[in-house]
Amino acid sequence: MALVEFSIQEHIALVTLNDGENRFNPTFLDALLGVLDEIENNSEATTMVVHSSHEKIFSNGIDLEWLMEALQNNDLATSKRFFYHLNDVFRRLVTYPLMTVAAISGHAFAGGAIFSSAFDFRLMRSDRGYFCLPEVDLSIPFLPGMNAILRSAIPEQILRRMQLTGSRLTAQMCKEYHIVEAFFPGDQLLDAALDFARQVNKKRPIVKELKARLNAAIVHAIDVEDVAYIESGKFHEN
């Protein structure tokens, strides 16, 4: 089974994340970028739905075991490459010429919450899973690009509370705060996401141009502001 795979249903590209907790490391990011390229270049899909095959996790974000080993070995070159690589995924999503829908089929923690925030729309499972930014307890600060992505999806007051307390949001809370469009039981979520994707069938050129303008500040934060932080090598606090 591929780490990331997809199928085409009508005008919808259905992407499945198969790497367990779907933590971000170079191998997983490569697989994800490869699928995004394949869908854009070799299909006529106009919308993309992403979900996880894990029974209770959408994505738990950065593979901290892998990253901390690099940091503990003072391998800053590898760490820097990783964060640039991660930003390649975030930039790709916010500029992707297809409408994107995250079917948050379980926990979306840390980088997983940021990842889902880079999608145009989010639907969430109601019977299992939290949306959470626990970086305050992990002593990991957010890059400017990450904050820009989060601000595009989460109201400022709610985002501030989430970042400073590490509080967990249920699907019901995410709907109340307008982070997700809707929530459904786990056995209904994927069908609901596909139905939603059918309603946002728009032409690629206008979607691409609208996103370029809507998300220009995110791209600037990723391509300009993040560089200073990444080059400093200061990825966490003790």
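**Helix H11, aromatic pairs and selected loop residues**

Helix H11 is followed by glycine 233, whose phi is positive, near 75°. The model discussed here is a predicted one, and a good place to start is the helix that precedes this glycine. H11 covers residues 216–232, and its 17 residues, at 1.5 Å a residue, should span 24 Å. The C-alpha atoms at its two ends are 24 Å apart, so expectation and model agree. H11 nevertheless has a kink of about 50°, centred on aspartate 226.

Aspartate 226 also appears among the buried residues of the helix, which are Ile218, Val219, Ala221, Ile222, Asp226 and Ile230. What covers these buried residues? The cover includes helix H3 (76–94) and helix H6 (144–153). For H6, the packing can be described in some detail. The axes of H6 and H11 come within 7 Å and cross at roughly 150°. Angles over 145 degrees count as roughly antiparallel, and H6 and H11 are therefore roughly antiparallel to each other. On the H6 side, the contact involves Pro144, Gly145, Ala148, Ile149 and Ser152. These residues meet Ile218, Ala221, Ile222, Glu225, Asp226 and Tyr229 of H11. Asp226 thus takes part in this contact and is also the residue on which the kink is centred.

Aromatic residues offer another view of how the chain is held together. The structure holds seven aromatic pairs. One of them joins phenylalanine 24 and phenylalanine 115 in an edge-to-face arrangement, with 5.6 Å centre to centre and 70° between the planes. The two partners come from distant parts of the chain, 91 residues apart. Phenylalanine 24 sits in the loop between strand S2 (12–17) and helix H1 (26–42), while phenylalanine 115 belongs to helix H4 (residues 111–117). Both phenylalanine 24 and phenylalanine 115 are buried.

A second edge-to-face pair is made by phenylalanine 121 and phenylalanine 196, at 5.1 Å centre to centre and with 65° between the planes. Phenylalanine 121 lies in strand S7 (residues 121–125) and phenylalanine 196 in helix H9 (residues 186–199), so this pair ties together parts that are 75 residues apart in sequence. With a relative accessibility of 17%, phenylalanine 196 counts as buried, because the cut-off is under 20%. Returning to phenylalanine 24 and phenylalanine 115, both belong to a cluster in which ring pairs link Phe24, Phe28, Phe58, Phe115 and Phe119.

Glutamate 181 can be placed beside the second pair. Glutamate 181 lies in the loop between helix H8 (171–176) and strand S10 (182–184). Beyond its neighbours within four places in sequence, glutamate 181 is in contact with Phe121, Arg122, Leu123, Lys175 and Phe196. Both rings of the Phe121 and Phe196 pair therefore belong to residues that glutamate 181 touches, since contact means heavy atoms within 4.5 Å. Between glutamate 181 and phenylalanine 196, the C-alpha to C-alpha distance is 9.5 Å, with 15 residues separating them in sequence. Is glutamate 181 buried, exposed or partly exposed? At 40% relative accessibility, glutamate 181 counts as partly exposed.

The loop between S2 and H1 that holds phenylalanine 24 also contains asparagine 22. Phi of asparagine 22 is near 50°, a positive value in a residue other than glycine. Most residues other than glycine have a negative phi. Asparagine 22 is buried, with a relative accessible area of 0%. One of its contacts is asparagine 60, which touches Glu21, Asn22, Arg23, His107, Phe109 and Gly112, leaving out residues up to four places away in sequence. Asparagine 60 is found in the loop between strand S4 (57–59) and helix H2 (64–72), and is buried with a relative accessible area of 14%.

Glutamate 10 likewise has a positive phi, of about 60°, although it is not a glycine. This residue lies in the loop between strand S1 (4–9) and S2. Is glutamate 10 buried or exposed? With 60% relative accessibility, glutamate 10 counts as exposed.

Finally, glutamate 38 lies in helix H1. At 36% relative accessibility, glutamate 38 counts as partly exposed. Apart from neighbours within four places in sequence, glutamate 38 is in contact with Phe6 and Ser43. Methionine 162 is 124 residues away from glutamate 38 in sequence, and their C-alpha atoms are 35 Å apart.

Definitions and conventions
Residues are numbered from 1 along each chain as its sequence is written. This is a predicted model: local features need pLDDT of at least 70, side-chain atom pairs count only at pLDDT 80 or more; totals for chains, interfaces and linings use all residues. Side-chain values use heavy atoms; hydrogens and water are left out. Rings of Phe, Tyr and Trp (its six-membered ring) pair if their centres lie within 6.5 Å; planes under 30 degrees apart count as stacked, over 60 as edge-to-face and the rest as tilted. Helices (H or I, at least four residues) and strands (E, at least two) are DSSP runs, numbered from the N terminus. Buried means under 20% relative accessible area, exposed over 50%, partly exposed in between (1.4 Å probe, protein chains only). The expected span of a helix is 1.5 Å times one less than its number of residues. The bend at a residue is the angle between axes fitted to the seven residues ending there and the seven starting there. Axes are lines fitted to C-alpha atoms, for helices over the stretch in contact, and angles run from 0 to 180 degrees between N-to-C directions. Angles under 35 degrees count as roughly parallel, over 145 as roughly antiparallel, 65 to 115 as roughly perpendicular and the rest as oblique.
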